[in-house]
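Open the structure in your viewer and keep the selection tool handy. We will stop at a few side chains and look at what surrounds each of them.

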Amino acid sequence: MSYTKLNNLTGWAVFAIAFVTYFLTAAPTASFWDCGEFIACAHELEVTHPPGAPLFLLIGRIFSMFAIDKQHIAFMVNMISVLSSAFTSLFTCWVTTYFASKVLKNLDWEENVKLYGAMFAGAVAGLACTFADSIWFNAVEAEVYAMSGFFTAIVVWLMTKWEVRADEADHYKWIILIAYVMGLSIGVHLLNLLTIPALALMFYFRKYDANWKGILATFGISVLILAFIQYGIIQYTFSIAQQFELFFTGSITRAGQDRGGMGMPMGTGSAIFALMIVATVVGLLLYSIKKKNVILNVAVLSYIVIMMGFSSYTVIFVRSGANPPIDMNNPENILTFLSYMRREQYGERPLFQGAMYNAIPKNDGRRYLFEDKYLRYTLFEGKDKYVEDEMKQDYMYEDSDIKLFPRMYSESHYMSRPFGYQEFVKNKGENPQDPTDDIPTAGEDIAFAFRYQLVHMYLRYFMWNFVGRESDIQDDNWEDGIFMNNPEMKGNKAQNHYFFLPLLLGMMGLIWQFSHKNKDASIVALLFFFTGIAIIIYLNQTPAQPRERDYAYASSFQTFCVWIGMGVLFLIETFRKTFKQNTPFIVGGVALLVPALMCGQNWDDHTRKNRWIDVEFAYNLLNSCAKNAILFTAGDNDTFPLWYAQEVENVRPDVRVVNLELLISDWYIRQMQMQKNESAPLPIAMKYNDYAGEKFNYYMGSKPKPFRILTNKEAMVKAGAISETEKMGIADTFVWDFPSKGAILRKDSAMINIIRNIASSNWNRPIYFANTIPPENYHGLTYQLQMEGMAHRLLPIQLNPEMPRDIMTEGVVNQAKMYENVVKNFKYTGLNDPKLNTDEHIRMVIVSNYRNTMHRLMASYGQQIENWEAQMEIVKTPEVDSLAKIGLDVASIPTANPAKIAAAKVKLKEVYDFSQKTIPYNVIEPPVSYLTWSAEMLYRAGMDKEAESEFSMLKTIATNTLRDYHKRKMQVDKRHPAVTGAVMTAQYLAQSGREKEAMALAEELYILTGHDLRGVLQGR
């Protein structure tokens, strides 16, 4: 069989295996983080967060059209990643066979050994790429990184096709094709541009006699090309267009003073600038043809096709103008589009020079000094010129505070454990808590860059892919299964061991390629560096990232897979004389066991088959709300899934989701004032011209006076805001003193507007806070919140002793609605299935949220049982003084009776049994703190059987945790949850008459922790 035919068969076989693997393990619906947003925006062609991914959205829209129903739209968009990653494996295979054949053709090997050796090398490389941890993760969800990896792989493969044809007359057409593909890739992610230096070096080696001067010149030119595309085309094009706009249209101050300009309609300058670019490009193209200047002609054509690919961004511009429900940053004009492309909302970070975290800005004795950067502009309603907004400024620092290559630059991350800057700096000054008196050295700055940015945020991920992984818990390490093997993580599906085999095979391949074809090896090395370590240098990440970031370096890992394939040739060369003609088959067969091992280890923690948890979380949160509700959320994961559910599956489109983090932006407030799906505009009385622009991005005035709004209870009942029975718990007046000492944020002003106007309208629209948001976002309203599921409803509540209280806030629990939602309406598919892949986020956030919600309902019953039983005891002793001593109202005593206590116990047991059936402890182990909380509540409520079960589980988990700490010789504080849980268990055992068991546990606790807590059991 010919090389070409066998090469094609090998590549497509790899593709088939990769496709089937990804297809079988792909998520059936939207996953957490950005996936819900991307799927929703692809289905409806809406606008994602900056800098957008318009090509991904366009392709996603096409894929979504083939869904058989709305529930399968997400799966079809996920298929983009499935296909992209399968093709990545295919092209990785072919790139490997190409580099292998270049070496093999010059070796004195048997032709049969050469042919099949190259094929096995390609197959091992492609399959290692298929089953690599980070690449597989990207392949089964609707994110941009799988398609980005595809573009990286295909441009390298296209360059190999050019290299074969580099002596043909029309060989530059391949270069132009590569430029077009890169232009397209910008509409997915910018990572593909990082291949330019490696491709440039490949071009140089093929066309010129290599020398160091030429290599350095080529590298320099490639970096300039990369910078030109990333900054010149993607950003500065629009910056220049803005200046044309200001010249032809003009600007005014906020007060209305004219700053000049030609007074022409908005858009004129951009149109003229675009025509100038077209004219210039056409002129240069014609000139290159006339002068027969090939290099200029190729450069101009490459620019044209890059712009053609980049033109996918017109989708963002056009669709934003249509004001879709999801319209992030509203990039519908030159000002907002420029901000969108600059990613201004994410802030800036120093790269080559800047101030360290401890630098104090200059001041003149009265205020800090700032350096002007550029003037921002905004648009006002009713104005036909651009309005001056504010000057973009940076702090000014002393020259001595400006350092080269600063890595520790963010003061807010000084204490971010375990890699906060304070962990690296020895000279902390007089106050260890004050970062400004630190004296970090250049060596300490580099140590942080090495230990955190390079080792923890890249090499750790690299080892995950090619050595093994400890668990899916954030910041956990790599481990090999031989020298490093954490037995405590044995039940974690992400504990994967490859025993160094992929890494060793890759290192053999690296050595083999460098020893036989160092030019090709240097190309692969440069590609590996730029798609991995160079990103680390550029991102300059701060500690305490919200999630693991390995997905961003997948192209670096797929590049290393080329060397894993080359490792097969290393082994063939080693054993060729031993096995002769059979060498490629024996060695190749054994080498294929390496990707097979990776597949076997990774399958259970990469499959998302039957995992509906992500979307059901959104379903449950939305259905916690009454009709036409306003739901305040705070983060990506309690917002993006909701957008998906509403936009794609049409779940509760009447609920208006308000993300408090986005509410700080003028464009978002304006969108909240518009109709969205079935949700009416929010009652925000603020006029756009009064809050528009960056000038009011942070502060909108002084703290408002406390609200006192009368409540019309009858009108609330009539409007359906409350039931007749709930009326007794409503206060006559809604009182709110906003907790702010001085100025308030723009988002606070918008929230105050919403709440005040709805309260003034007899609460005609329900307001909810998701139970996922931080308590500080309740802004002093906790005692007026009523829990109805996974959300708290804001009402003018008047607390009374009979109202079931929420143990986590000062508010109340609507037991009827909670029970209906939690037990009957919510969905929990698969949480009782031990085979389901539940990662750390699901276990620690979603499952914890579900258990927390169920427990709060149970605790409300338990609290009532305790109170009623106490009242029943008091009734037996009619002395009035006894009532006063415990603070009970005499009038409340008749409400306590055995029937009500028994009914509450029945409800508590029903919810408890439901929780155990829905999320069993043996499937997803609860944290010690939860068990402590639950066991104590059940015991106090008199649920003896259930309490015994909880305390038994608590004892096992707490003691196992402490034994592990003792084994590792770790100090344990008395307040550690495991210590608290063990003490609570010992007290329970003592109170249950099992003093020997209690003292035995206390003795073990003393041995394990050194804390003598036996006195607690003896009443001391």
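Which side chain meets that of Glu-141 in a salt bridge? Select Arg-608: its side chain pairs with Glu-141 at 2.8 Å, N to O. Keep in mind throughout that this is a predicted model.

Now show the backbone around this pair. Glu-141 sits in the loop joining α6 (133–139) and α7 (145–164), while Arg-608 belongs to the loop between α21 (593–606) and α22 (613–622), so the bridge ties together parts that lie 467 residues apart in sequence. Turn on the surface and check both partners: Glu-141 is buried, at 5% relative accessibility, and Arg-608 is buried with a relative accessible area of 5%.

Next, select Asp-170 and Lys-173. Their side chains form a salt bridge at 3.0 Å, N to O. Are these two buried or partly exposed? Asp-170 is partly exposed, with a relative accessible area of 36%, and Lys-173 is partly exposed as well, at 48%.

Move on to Arg-793 and Glu-788, whose side chains meet in a salt bridge at 4.0 Å, N to O. Both Arg-793 and Glu-788 are buried. For a group of three, select Lys-102, Glu-163 and Asp-520, which are linked in a network of salt bridges. In the model as a whole, the count comes to 37 salt bridges.

Here is a charged residue with another story: Arg-765, in the loop between α27 (746–760) and β14 (767–770). Side chains of opposite charge can pair when their charged atoms come close. How far from Arg-765 is the nearest side chain of opposite charge? That side chain is Asp-654, 8.2 Å away, and Arg-765 is buried yet has no salt bridge. Look instead at Ser-679, whose side chain makes a polar contact with the side chain of Arg-765 at 3.0 Å. Leaving aside residues up to four places away in sequence, Arg-765 also touches others, including Asn-628, Ile-630, Arg-656, Leu-682 and Ile-758.

For the last stop, select Pro-51, in the loop between α2 (35–44) and α3 (54–64). Pro-51 is buried, with a relative accessible area of 18%. Which residues does Pro-51 touch, not counting those up to four places away in sequence? Add Tyr-313, Tyr-340, Met-341 and Arg-343 to the selection to see them. Then draw a distance from Pro-51 to Phe-23, 28 residues apart along the chain: their C-alpha atoms are separated by 29 Å.

Key:
Residues are numbered from 1 along each chain as its sequence is written. This is a predicted model: local features need pLDDT of at least 70, side-chain atom pairs count only at pLDDT 80 or more; totals for chains, interfaces and linings use all residues. Side-chain values use heavy atoms; hydrogens and water are left out. Helices (H or I, at least four residues) and strands (E, at least two) are DSSP runs, numbered from the N terminus. Buried means under 20% relative accessible area, exposed over 50%, partly exposed in between (1.4 Å probe, protein chains only). Contact means heavy atoms within 4.5 Å. Lys and Arg count as positive and Asp and Glu as negative; His and the chain ends are not counted. A polar contact is a pair of N or O atoms within 3.5 Å; within protein, one must be able to donate a hydrogen and the other to accept it, and residues adjacent in sequence count only if both atoms are side-chain atoms.
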